[in-house]
Amino acid sequence: MKKLFNVIVLLAGGALFLNAQQKNPESTELWEPVPPIVTPGEGTQAPSDAIILFDGKNLDQWQTDKGAPAAWTVAEGALTVKPGTGTIQTKLPFGDCQLHIEFREPTVITGDGQMRGNSGIFLQGLYEVQVLDCYNNVTYSNGQTGSLYKQHIPLVNACKKPGDWQTYEIIYTAPRFSEKGRVMIPAYVTVIHNGVLVQNHIALLGTTEYIGLPKYKSHDLKLPIVLQDHGNLVSFRNIWIREL
Ligand code: MG
């Protein structure tokens, strides 16, 4: 009998203790870890923890796919495709990241559809966020500005007119592969174009292929970012990245 009494007292005490805990606001506060301090940039400045990939002065952070100096044109704070010289890529490899990049479409219009102001930002050199002049220019929807090329149509067309600087904020999570090379977690991409959400945490189906279907092939967790030479005089500026 005494035993039972003790058990009841113990249970009641425990319930009272739990009840007090649930009513205590401090019980749901987490004080660790403390997020590191990042100083946001003023205007178009990069935040304090960003790696600057292009600040308008030189191509020190870039090279060709053969490791030679990048041959694109740097003038008046901008980097412009030099048609025929090929893609350029970052010397550093990147995986999960927040990428800020600004681009400008040429005011001299020389083509239609995919031939107008085409370039691209290849995350890990494999997954293209399309750069195209889609201001009064019709092309296939899954190949227009802000598309994840031939995989995901952008939610809206937020293009500015040729000659205006435009921004991309890209949030990227690299795919994860098993030891046997099977994709375990796909790549995820969010794209904000000129402040407008155009891709909302989209799972990629694989590499962004020009011909054929996307497919995954196992690769490193970090690979260079590639900018496309599609023969058009597209310019870039203010490129920075935060590794996540
Ligand atoms: Mg392209």
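This is a short chat about a metal site, a loop residue and two cysteines in a predicted model.

Reader: Let's start with the metal. Which residues coordinate the magnesium ion?
Author: The magnesium ion is held by Asn118 through OD1, Ser119 through O, Glu128 through OE, Gln130 through OE1 and Gln228 through OE1. The distances run from 2.2 to 2.3 Å.

Reader: What spacing do those donors follow along the chain?
Author: The pattern is N-S-x8-E-x1-Q-x97-Q.

Reader: Take Glu128. Buried or exposed?
Author: Glu128 is buried, at 4% relative accessible area.

Reader: And Gln130, buried or exposed?
Author: Gln130 is buried too, with a relative accessibility of 1%.

Reader: New topic. Where does Thr64 lie?
Author: Thr64 sits in the loop between strand S2 (62–63) and strand S3 (73–75).

Reader: Is that loop residue buried or exposed?
Author: Thr64 is buried. Its relative accessible area is 12%.

Reader: What does Thr64 touch?
Author: Leaving out residues up to four places away in sequence, Thr64 touches Pro69, Ala70, Thr87 and Gln89.

Reader: On to cysteines. How many disulfides does the structure hold?
Author: Zero.

Reader: Why is there no bond from Cys134 to the closest cysteine sulfur?
Author: That closest sulfur belongs to Cys159 and is 5.1 Å away, so it is too far for a bond. A disulfide needs the two sulfur atoms within 2.5 Å.

Reader: What about Cys159?
Author: Cys159 is in no disulfide, and its nearest cysteine sulfur is that of Cys134.

Reader: Where do they stand on burial, Cys134 and Cys159?
Author: Cys134 is buried, at 4% relative accessible area. Cys159 counts as buried at 13%.

Notes:
Residues are numbered from 1 along each chain as its sequence is written. This is a predicted model: local features need pLDDT of at least 70, side-chain atom pairs count only at pLDDT 80 or more; totals for chains, interfaces and linings use all residues. Side-chain values use heavy atoms; hydrogens and water are left out. Donors are N, O and S atoms within 2.8 Å of the metal (3.2 Å for Na, K and Ca); water is not among the atoms, so sites may look incomplete. Buried means under 20% relative accessible area, exposed over 50%, partly exposed in between (1.4 Å probe, protein chains only). Helices (H or I, at least four residues) and strands (E, at least two) are DSSP runs, numbered from the N terminus. Contact means heavy atoms within 4.5 Å.
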